[in-house]
Each structure stands twice: as structure tokens, then as C-alpha cells.
Amino acid sequence: MDLFSSKPYTIKRCCRIQTMKHISCHYCSSSHTKMYLPVDGVYALYICTACSLVFTHPRPRLAAIGHVNDQKYDSDDEKESRLAMYEKEYTRAKNHVLEIQKYVVSGTLLDIGCSYGICVKAANDLGFDASGIEPARHAAAYAKKVLHVHVFQTTIQKAHIKSNSFDVITLYDVLEHIPDIKSFLKEIRRILKPNGLLVVQSPNIESFAARILKTRWNWLLIPHHLWHFTPTSLLRVLINEKFTVIDTLTEDNVFDFSSNYKSTIALPIFSSGIIFKIIRKLIAMSAFLIIRVGTHVWAPLGKGGIIRMYARKN
């Protein structure tokens, strides 16, 4: 615990802080914040009523953020998991690039936080001159040595890229990890060409899945995720940082949602044996069917588990 706040808050303390002193918004510094969701004995989510952003509090120290992200995203388990699902991940990345080509057919593309470089490869295969930035050592090495794509093991702040360099910049599941999103997006805007396209994907804290599962939602990921966006709050952030949003969608991966829900099913009466397995399987199958149909209803209403936003540089 010494990597984080020297005096970790319990949930009781978090609630007490809400009434005893203001928790300033980590984005706009407004004192108009309130408890959104208690998470555990250390962290809670707060929402800013001024800018509508939800943020993790207390904020881990910068060194700790790098440490926990390295533990998760540069681990052997993460590597094995990603490589085992390569074909699935490649298909998903290819679909993302095909979506991008509705707005930009070809040109230079930079995937920031590119992990194992799968999206970079898909973009190259579909006609882009693509490269990536990835701070995790093992992931960047795999991208270069195995997929043979241009990936630089660094951060965007340390890359020293020339202004107006890219037609497209993608941030797939990245922005929620960034401590200072104002300076980060300012740098993105600097290296994006005039009228260039920015693609941002992030979990949706306002989603149907998040509402149902609360702290059991797989995409909550505390303390890795410092920000928890909604379509409205992400729109406000991008407008504030001088981007023009041209399209927004939310979606759910049916298998991810149903698997997440299945993992929360507790049937203590039937804790073992064939009856437990049958009942659990029936509930899981029913949930899958409901989610598969339901996602076509709630995703267009902005309640899908993932937000994807397309914006132009002003």
C-alpha cells in the first residue's frame, strides 16, 4: 500500500470526506463533486457535477500508476491471453480500421498504446502507413519482432514527434489510464494533421452492464482506470480540448458481458454437484440470450459497455 496514498481511505472515510471537505475534480478542479460509487476500502468513484466526469479517488501517485500498469499489461499472463486470442483480436482490429476508412481511406496512422501491435498490422494490411507507440516492453518487442510492424517503446510525451505528422491517431482503451488528459490531448492535437481524425475508445461507466454489475463490472479496473467516461463527458472533454466530434457509438461485446455476468452468479444452496452446474448453465444461457437481444436496444441509446468516438482536429 506504500506505493499509493500514505493514508489509504476506507469506504467510511471516503463517505466522511464527502461531508467534511470538498474533493476537487481531477479534470476541471471544481469543488462540486459527490460520491458516485464506493469501490473498496481504499478507492471510491466521484462525479463532478460541473464537467460530468467520473474519476477515481484518491489518485495513485505517478510512480504507482506506472507500476500497476506494468504489472497488468506487461505480465506473462497478459501476453499469453492476448496471443491465444490473436485471430479474434486481429478480426476486431480489422473491423475498427474498416470503420476508420469511412472517414479516412489511407494515409499515416498512429496507434497510441498499441499493445502487441495487432491494430497496427491490421491498418497496414488495409492500406495505411501505420505505426504504434507502446510503453510496455514485452508487448512492443513482440510487435516488432513477430508482427514486423513499426512500434516504438516509449510514451507520446517522450517520442518528440513532429507537428502535423498523422492523418489518423487512435486511442483504444488508453485515455482512461492517462493522469493529465489535458496535456495529453494537447500533444495529440499538435501531432495530428489539420482536419486529422482522432478515434477514442473507452469503457462506458453509464452502460447497462456497469449499472447492473457495479463494482463487479470487468471494465471498472481500479486503480488502472483513473477516469470513467460517459458519452456526454467524453464529448465535453474532446470539445474542451479543441476537437470537433463527428460520430459517437456505444456497443457491447455479448460474450464479454455474459461472461462477466456469469462470473457473478452465486448459488450457495447448490454449492457443488451436478444440480449446481445445471442451474448455473441455464442461468448463463438465459442471460446470454437476453443480453444478445438487449444490446441492440440499449447500445443505440448510449448504454453500450464501450464508447467509440470519432473527432476532427479543429
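Rings of Phe, Tyr and Trp, the last represented by its six-membered ring, are taken as a pair if their centres lie within 6.5 Å, and such a pair is stacked if the planes are under 30 degrees apart, edge-to-face if they are over 60, and tilted otherwise. By this rule, the predicted model holds six aromatic pairs, and the tour starts with two of them.

**Aromatic pairs**

Select tyrosine 86 and tyrosine 90, which form a stacked pair with 6.1 Å from centre to centre and 25 degrees between the planes. Both belong to helix 4 (residues 86–100), and because they are four residues apart there, about one helical turn separates them. Tyrosine 86 and tyrosine 90 are both buried.

Now move to tyrosine 116 and tyrosine 142, an edge-to-face pair whose centres are 5.6 Å apart and whose planes make an angle of 80 degrees. Tyrosine 116 is in the loop between strand 4 and helix 5 (118–125), while tyrosine 142 is in helix 6 (residues 137–145), so this pair ties together parts that are 26 residues apart in sequence. Here too, tyrosine 116 and tyrosine 142 are buried.

For another ring, select tyrosine 27 together with lysine 182, which lies over the face of tyrosine 27 at 5.0 Å from the ring centre.

**The open sheet**

Next, colour strands 1, 2, 3 and 9, which make up an open sheet of four strands in the order 1-2-3-9, with antiparallel pairing. Its edge strands, each pairing on one side only, are strand 1 (33–38) and strand 9.

Within this sheet, strand 2 (residues 44–48) and strand 3 run antiparallel and are joined by four bridges. The two form a hairpin with five residues between them, and in the turn serine 52 has a positive phi of about 75 degrees. Following the pairing from strand 2, one finds that isoleucine 47 has valine 54 as its bridge partner in strand 3, and that tyrosine 46 stands opposite phenylalanine 55. On the way to strand 9 (residues 227–228), two bridges join it to strand 3, again antiparallel, and phenylalanine 55 stands opposite tryptophan 227.

Now show the side chains of strand 3 (residues 54–57): Val54 and Thr56 point one way, Phe55 and His57 point the other way, and all are buried. In a regular strand, side chains alternate between the two faces of the sheet.

**The nonpolar cores**

Turn next to the largest nonpolar core, which has 39 residues, and select Phe184, Leu185, Ile188 and Leu198, the members that touch the most others. At least two residues of this core come from each of several elements, including strand 2, strand 7, strand 8 (192–203) and helix 9 (231–240). Helix 7 gives the most, with five residues.

Centre the view on phenylalanine 184, which, leaving out residues up to four places away in sequence, touches Ile112, Ile156, Gln157, Leu171, Val174, Leu175 and Ile178. Apart from this core lies another, of 29 residues, among them Tyr86, Ala93, Val104 and Leu109.

**Serine 165**

The last stop is serine 165, in the loop between strand 6 (150–152) and strand 7 (166–172). A polar atom of its side chain lies 2.5 Å from the backbone oxygen of lysine 162. Beyond its neighbours within four places in sequence, serine 165 is in contact with Thr108, Ile191 and Lys193. To finish, select arginine 190, which is 25 residues from serine 165 along the chain, with 8.6 Å separating the C-alpha atoms of the two.

Terms used: Residues numbered from 1 in each chain as written. Predicted model: local features only at pLDDT ≥ 70, side-chain atom pairs only at ≥ 80, totals over all residues. Heavy atoms only, no water. Contact = heavy atoms within 4.5 Å. Polar contact = N/O pair within 3.5 Å; in protein donor to acceptor, adjacent residues only side chain to side chain. Buried < 20%, exposed > 50% of the residue type's maximum accessible area, 1.4 Å probe, protein only. Pairing = 2+ DSSP bridges. Core = buried A, V, L, I, M, F, W, Y, C linked by side-chain atoms within 4.5 Å. Lys NZ or Arg CZ within 6 Å of the ring centre and 35° of its normal.
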